[in-house]
Number of protein chains: 2
Amino acid sequence: MLISVNLQSDVPLYTQLTNQIIEGIASGRLAPGESLPSVRSLSSDLGINMHTVNKAYAILKQDGFVEIHRQKGVVIQHDLPVADAAYRTSLEEKLRPLISESICRKLSEEELLNLCRSLFRQIQTDS
Amino acid sequence: MLISVNLQSDVPLYTQLTNQIIEGIASGRLAPGESLPSVRSLSSDLGINMHTVNKAYAILKQDGFVEIHRQKGVVIQHDLPVADAAYRTSLEEKLRPLISESICRKLSEEELLNLCRSLFRQIQTDS
DNA sequence: TCAACTGTTATAATACAAATAGAACAGTAA
DNA sequence: TTACTGTTCTATTTGTATTATAACAGTTGA
């Protein structure tokens with residue numbers, strides 16, 4: 001899967017990486033068991049530091065999206081983490097300010113739901 | 001409206017403030033024309049620095065949610081900003097990683113939409 | 001007029017996170 | 001052995017978040 005970073009963005013580089021990899025899993029472009037590039041090769045390809053890639057991989061490992069095989073390096077987990085109560089709470093806390101502002105800006109409930117539905121399907125079928 | 005901050009949170013204080021005020025507008029607890037506490041009184045009440053509150057107010061002013069009256073201080077805008085194309089794009093960029101992870105965690109499209117709908121109505125009617 | 005309040009600005013210091021840099025270690029594969 | 005894997009260590013630079021003090025211009029009410 002093709003991975004890139006935007007040095008101008010205010011989103012931290014390691015967050016850009018984790019976001020892209022998680023979207024890759026969601027879309028099926030990254031299948032369970034598949035290997036990710038090594039920290040050294042990916043950092044070299046992107047022109048960024050090794051430790052930045054390592055931090056992204058460490059977060060993905062921490063959250064249960066990847067596991068480390070001494071042989072194959074970093075591979076996508078077969079048993080991906082599921083949406084438990086704690087996750088749903090944190091998701092709500094992240095959605096709340098976004099939905100609040102959309103209400104202020106007179107986005108209707110239907111428009112918001114259509115946007116979410118459209119994104120959901122676009123990500124899921126973007127393999 | 002009651003405003004509070006969580007010093008333990010990893011969300012910046014000024015972001016906590018802007019989020020709460022925007023949610024207050026969305027819910028109707030803060031009506032257009034209504035005044036916000038002065039930077040000095042609010043910072044004193046919350047036990048934080050004046051500049052932190054001032055930064056939050058400056059962002060709200062920048063985004064068009066409040067205006068400055070030399071007499072009344074900081075008041076909620078009558079003509080609130082609307083959801084233009086630029087806003088929709090930025091909203092999509094913020095929703096995308098959240099939805100991607102929810103797909104990874106096997107949250108169904110219906111569950112996600114129900115959560116968004118529930119939040120939308122809860123915020124809107126929470127006055 | 002005077003005192004008390006408004007937002008605003010300037011300067012400085014502290015603390016922390018993000019990113020980079022160079023180096024080394026333990027384990028594994030060809 | 002050589003070359004690769006993730007991991008860890010120390011150090012530096014940069015930028016943001018937060019606090020601290022101070023001052024300014026304008027407004028309000030006594």
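In this predicted model, α3(B) supplies the largest share of the lining of the second largest pocket, namely 4 residues. The volume of the second largest pocket is about 220 Å³. Two elements of chain B, α3 (50-62) and β2 (73-76), give two or more residues to the lining of this pocket. The residues that line the second largest pocket are L36(B), P37(B), S38(B), V39(B), N54(B), Y57(B), A58(B), K61(B), I68(B), K72(B), G73(B) and V74(B). By class, the lining comprises 7 nonpolar, 3 polar and 2 charged residues.

**Relation of the two chains**

A turn of 180° with a shift of 0.0 Å along the axis lays chain B on chain A, with an RMSD of 0.0 Å. The two chains are therefore related by a two-fold axis. Both copies use the same surface, since 100% of the contact residues of chain B recur in chain A. Within chain B, the residue that comes closest to the rotation axis is L113(B), with its C-alpha at 3.1 Å.

**The surface near DNA strand D**

DNA strand D has 23 residues around it, of which L13(B), Y14(B), H51(B), K55(B) and Q71(B) come nearest. The surface near DNA strand D consists of 9 nonpolar, 8 polar and 6 charged residues. On the side of the nucleic acid, 58% of the atoms of DNA strand D within 4 Å of the protein belong to sugar or phosphate, and the rest belong to bases.

The table lists polar contacts with DNA strand D.

| Residue | Protein atom | Atom of DNA strand D | Distance |
|---|---|---|---|
| H51(A) | polar side-chain atom | base nitrogen | 2.8 Å |
| N49(B) | polar backbone atom | phosphate oxygen | 3.0 Å |
| H51(B) | N or O atom in the side chain | base oxygen | 3.0 Å |

Both chains give elements to this surface: α2 (39-46), α3 (50-62) and β2 (73-76) of chain A, together with α1 (13-27) and α3 of chain B, each supply two or more residues. H51(A) places a polar side-chain atom 2.8 Å from a base nitrogen, while the side chain of H51(B) has an N or O atom 3.0 Å from a base oxygen. N49(B) instead approaches a phosphate oxygen through a polar backbone atom. H51(B) is also one of the residues that come nearest to DNA strand D.

The α3 element of chain B thus appears in two settings: α3(B) gives 4 residues to the lining of the second largest pocket, and α3 of chain B gives two or more residues to the surface near DNA strand D.

Conventions:
Residues are numbered from 1 along each chain as its sequence is written. Chains are lettered from A and ligands numbered from 1 in the order in which they are written. This is a predicted model: local features need pLDDT of at least 70, side-chain atom pairs count only at pLDDT 80 or more; totals for chains, interfaces and linings use all residues. Side-chain values use heavy atoms; hydrogens and water are left out. On a 1 Å grid over the protein atoms alone, a cavity is a set of points where a 1.4 Å probe fits but cannot get out, and a pocket is an open set with protein on both sides within 12 Å along at least five of seven lines; lining residues have an atom within 4 Å of a point. Grid points are joined across faces, edges and corners, and a volume is the space filled by probe spheres set on the points. Ala, Val, Leu, Ile, Met, Phe, Trp, Tyr, Cys and Pro count as nonpolar, Asp, Glu, Lys and Arg as charged, and the others, Gly among them, as polar. Copies are superposed by least squares on the C-alpha atoms of residues with pLDDT of at least 70 in both. Contact means heavy atoms within 4.5 Å. A residue is near a molecule or strand if one of its heavy atoms lies within 4 Å of it. A polar contact is a pair of N or O atoms within 3.5 Å; within protein, one must be able to donate a hydrogen and the other to accept it, and residues adjacent in sequence count only if both atoms are side-chain atoms.
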